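The exercises below ask you to work with the cysteines and the charged side chains of one structure. Please read each task, try it on your own, and then follow the solution step by step.

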Amino acid sequence: MRLGRGRDRQRPRRLIDNSGNQRVEQGARVMRPGSLSLDAFLARRAGDRRLARLTHDLCLPEGSGLEFGPADNPTPLPEGLSVTYVDHSRDAGADLAGATPIDHAWSGSGSLTAVLGHDGYDFAIAAQVGQYVPNLLGWLRGIHAALRPGGVLNLSLPDRQFMFDAARPVSTLAELIEADLLAYERPSPRQMFGHTYDVRTITPEQIWAGEDPVHAPRMAGEAALPHAHAEAVDALATDAYVACHCWVLTPIAFLDLVEGATRLDLFPFVLNQVSATQLGGFEFYVSMRREAQAEAEALLGLQIGAINHLRGLLETQRQTAKLMAGI
């Protein structure tokens with residue numbers, strides 16, 4: 001987080017939209033201002049580790065950004081930050097009481113800046129969203145293009161070791177490349193089948209208590225196999241979007257995918273942080289930035305150095321946790 005004077009910009013004009021929410025109009029973009037005073041935000045952030053990680057390195061006190069998939073729980077932000085909400089459709093979350101109105105629909109494939117009509121955003125936030133995106137690489141590249149140099153993207157992602165995906169294999173680089181080459185806009189039959197067949201009826205609390213997720217019943221019960229096949233057939237035959245976990249990740253598996261994609265020049269961000277899953281939790285956090293340096297070889301060196309450093313930190317944390325568990 002950087003405290004200081006925000007970047008020079010014209011003072012935005014405030015509006016009231018059709019949903020009754022105050023909005024900010026600035027050039028070609030319309031944004032919603034944060035709801036907290038700066039002091040209230042900083043106080044809340046100091047006691048909320050999740051909020052601190054989702055708002056890591058945000059430019060304060062002023063800035064503009066994007067949040068993906070806010071549903072009914074958008075990230076609380078200070079009033080000096082303005083945010084535009086993006087999801088796979090404008091009516092995403094409409095069945096939830098108090099759902100956040102979506103400003104722009106974007107599938108994750110194709111140009112995000114063309115959808116927004118603007119670039120140069122200071123930050124982007126996506127809490128528990130990336131696992132649902134059919135084309136993860138295309139989604140990340142689209143966000144990268146929408147940020148200014150130095151802009152930051154903060155994610156939280158489920159750690160499959162501690163939630164209902166625990167019995168599923170981690171996603172592979174081949175799957176990541178396939179989704180990108182085919183520019184998936186909806187979950188593929190393979191993604192839909194894997195999610196529907198192998199998710200288990202087990203909670204993070206049960207896993208942390210020592211229950212083996214492999215022995216937990218499948219969420220779809222005894223009919224899981226034909227049900228998963230039917231869902232895969234429907235995914236191929238229709239244009240409907242059905243949410244599923246397209247990606248199965250751990251912190252180390254995520255680093256492995258990023259390294260492979262970086263070496264193929266398909267991942268333009270440079271990683272800042274990867275935070276291991278906390279005791280009793282089920283999600284890990286990633287912070288990445290759009291580097292001002294644009295030369296491919298220099299970016300590759302920065303990224304590989306960051307990955308090796310972060311992998312070492314995660315391995316040290318894993319070994320420490322293992323030793324402590326044996327005490």
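Relative accessible area sorts residues into three groups: buried means under 20%, exposed means over 50%, and partly exposed lies in between, with a 1.4 Å probe and protein chains only. The model is predicted, so local features need pLDDT of at least 70 and side-chain atom pairs count only at pLDDT 80 or more, while totals for chains, interfaces and linings use all residues. Residues are numbered from 1 along each chain as its sequence is written, and side-chain values use heavy atoms, with hydrogens and water left out.

**Exercise 1.** Decide whether Arg289 is buried, exposed or partly exposed, and find its salt-bridge partner.

Solution. Begin with the relative accessibility of Arg289, which is 23% and therefore places this residue in the partly exposed group. Next, recall that a salt bridge is a side-chain nitrogen of Lys or Arg within 4 Å of a carboxyl oxygen of Asp or Glu. The side chain of Arg289 meets that of Glu291 with 2.7 Å from N to O, which makes the pair a salt bridge.

**Exercise 2.** Explain why Cys244 is not bonded to Cys246.

Solution. A disulfide is a pair of cysteine sulfur atoms within 2.5 Å. The cysteine sulfur closest to that of Cys244 belongs to Cys246 and is 3.9 Å away, which is too far for a bond. By this rule, the count of disulfides is 0. As a last step, look at accessibility: Cys244 has 0% and counts as buried, and Cys246, with 3%, is buried too.

**Exercise 3.** Work out which parts of the chain are tied together by the salt bridges of Arg190 and of Arg186.

Solution. Helices (H or I, at least four residues) and strands (E, at least two) are DSSP runs, numbered from the N terminus. Arg190 forms a salt bridge with Glu178, at 3.4 Å from N to O. Because Arg190 lies in helix α6 (residues 189-198) and Glu178 in helix α5 (residues 173-181), this pair ties together parts that are 12 residues apart in sequence. Turning to Arg186, its partner is Asp239, with the closest N and O atoms 3.6 Å apart. Arg186 lies in the loop between α5 and α6, and Asp239 in the loop between α8 (224-237) and α9 (251-263), so the parts joined here are 53 residues apart in sequence. Arg186 is partly exposed at 28%, whereas Asp239 is exposed at 67%.
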